[in-house]
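Biologist: Could you take me through a single part of this model in detail, with the cut-offs behind each term, and show how that part sits against its surroundings?

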Amino acid sequence: MPVRLYLSNVGKSFTMHLQGGTTIPVVSGVDFSVDAGECVVLGGPSGAGKSSILKMIYGNYRCDQGQILVTVADEIVNVADAEPRKVLQLRKDVIGYVSQFLRVIPRVPAVEVVAEPLILQGADEGKALAKARDLLTRLNVPERLWGLPPATFSGGEQQRVNIARGFIAHYPLLLLDEPTASLDAANRAVVVELVAEKKQDGVAMVGILHDQDVRDKISDRIVDVTSFRAEAA
Amino acid sequence: MTDFFNDDPLLQVNGVTRYYGDRIGCRNVSFQLWPGEVLAIVGESGSGKTTLLNCLSTRLAPTAGAIEYRMRDGAMRNLYQLGEAERRLLMRTDWGFVHQNAADGLRMTVSAGANVGERLMAVGDRHYGHIRETATDWLGRVEIESDRIDDDPRSFSGGMRQRLQIARNLVTHPRLVFMDEPTGGLDVSVQARLLDLLRRLVADLGLSVIIVTHDLAVARLLSHRIMVMRHGEVIETGLTDQVLDDPREPYTQLLVSSILQV
């Protein structure tokens with residue numbers, strides 16, 4: 001299978017100016033690749049830099065060193081130095097991000113929150129909403145909630161709305177930031193199914209997953225982030 | 001959204017500088033704005049945000065620098081070399097300006113319908129029935145009941161006035177809208193409604209927006225890109241979530257860490 005994502009010698013540190021300019025090294029020399037249809041899980045204890053790596057791939061954190069190469073059709077884009085509008089284009093069509101936290105937008109009903117990414121990719125609104133209802137059903141979000149804005153939902157309900165939103169569109173590269181944290185077994189099983197379907201579609205995935213059972217079921221390979229530990233300067 | 005990834009910028013700003021006597025308003029600001037892009041200018045009071053916005057919108061001539069705008073015919077024109085008639089036409093039709101204080105952007109003694117209709121007449125619409133119909137439609141889009149069309153904005157609440165000002169600006173389908181603290185001074189539930197409305201209209205109409213705000217939550221919700229200003233200069237710029245989640249400059253880190261968590 002073709003390589004979808006390649007991180008080459010990626011490094012990141014934070015300089016905390018409010019704490020006297022302390023530099024906190026996060027990772028250095030990060031080097032791995034992910035093929036289409038493959039799910040790579042980042043391993044290592046909390047604080048090893050797993051989330052920072054995902055956020056750099058999404059362009060949410062800046063990348064200080066190295067390259068983050070994403071294959072887009074017949075073009076290769078380096079996220080590490082891409083212009084903001086290029087990154088936004090990638091997020092619309094190429095890179096998806098599923099996190100456990102929903103950023104609530106006032107007054108937008110759950111079903112529209114879920115359908116939005118697919119509509120932005122140019123899908124017919126009716127079809128996108130139908131797919132959104134289908135995903136909400138699969139993730140056991142009660143139908144009476146679909147027309148309501150998720151601001152008042154429970155944490156678990158918001159999380160499942162967010163998972164539906166993350167999986168609805170077709171992104172060749174999907175980042176999973178602990179999507180199953182605190183989900184019950186039935187919903188974890190749904191996420192495992194959704195990931196399997198994405199693999200069938202040739203989607204490359206990078207995940208952070210603390211649930212051992214989910215991890216065993218979906219990971220094709222584990223990349224141990226502790227080997228990219230940056231040393232304090 | 002269709003021309004969002006068009007390669008031609010709508011606005012090209014080079015080295016814009018404005019002095020007030022020997023004090024700096026803003027200094028050496030350069031950036032490009034693309035169609036469909038929402039740019040937030042953030043920073044504390046006195047950082048030069050509004051000076052810059054006024055320079056960009058031809059309300060205040062810069063001391064130095066150039067601002068070029070892509071006219072509807074596709075040609076880039078230097079804004080400060082436009083004739084007065086051309087400049088006025090641009091401001092009345094192709095641009096919008098949403099003031100913090102709605103009274104600055106509305107005519108307070110004429111009806112809500114006339115406030116919206118006036119912009120239509122500026123672009124040559126003379127058919128009363130059509131103007132009234134369009135005005136009613138726009139009042140609906142900004143969630144003002146149609147039975148308020150003949151009331152003047154003095155009888156409106158602050159939030160309604162602000163929504164009316166937005167309708168007045170958008171009715172001519174401008175391509176670029178400047179906003180100066182559009183949610184400032186409104187209470188939070190009114191703010192949330194206005195923000196959601198703005199977010200939808202901006203996306204539906206594919207507007208380019210330059211919005212000045214000191215509220216980082218507003219910037220996060222509405223903007224794609226952010227410029228942080230301090231002492232008249234742009235000190236940090238980038239994707240909105242990148243600047244807010246991974247701020248690099250000491251001042252930006254201070255701003256981000258000063259947000260109250262609810």
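Modeller: What follows is a close look at one helix of chain A and its packing.

This is a predicted model, in which local features need pLDDT of at least 70 and side-chain atom pairs count only at pLDDT 80 or more, whereas totals for chains, interfaces and linings use all residues. Residues are numbered from 1 along each chain as its sequence is written, while chains are lettered from A and ligands numbered from 1 in the order in which they are written.

The part in question is α4 of chain A, residues 125-138, where helices (H or I, at least four residues) and strands (E, at least two) are DSSP runs numbered from the N terminus. α4(A) has 14 residues and spans 20 Å from its first C-alpha to its last, close to the 20 Å expected at 1.5 Å a residue, the expected span being 1.5 Å times one less than the number of residues.

Four residues of α4(A), namely A:Ala128, A:Ala132, A:Leu135 and A:Leu136, are buried; a residue is buried if 20 or more other C-beta atoms, placed from the backbone, lie within 10 Å of its own, exposed if 12 or fewer, and partly exposed in between. They cover an arc of only 100° around the axis, so they lie on the same side of α4(A), the arc being that of the directions from the helix axis to the C-beta atoms. An α-helix has 3.6 residues a turn, so residues three or four places apart point the same way. On the face of α4(A) turned away from its buried side are the exposed residues A:Gly126 and A:Lys127.

The buried residues of α4(A) pack against α3 (110-120) and α5 (155-168) of chain A. With α5(A), the packing angle is about 135° and the axes are 9 Å apart, which makes α4(A) oblique to α5(A). Here axes are lines fitted to C-alpha atoms, for helices over the stretch in contact, and angles run from 0 to 180 degrees between N-to-C directions; angles under 35 degrees count as roughly parallel, over 145 as roughly antiparallel, 65 to 115 as roughly perpendicular and the rest as oblique. The contact is made by A:Lys131, A:Ala132, A:Leu135 and A:Leu136 of α4(A) with A:Ala164, A:Phe167 and A:Ile168 of α5(A), two residues being in contact if their C-beta atoms, placed from the backbone, lie within 7 Å.

Just after α4(A), A:Asn140 takes a positive phi of about 60°.
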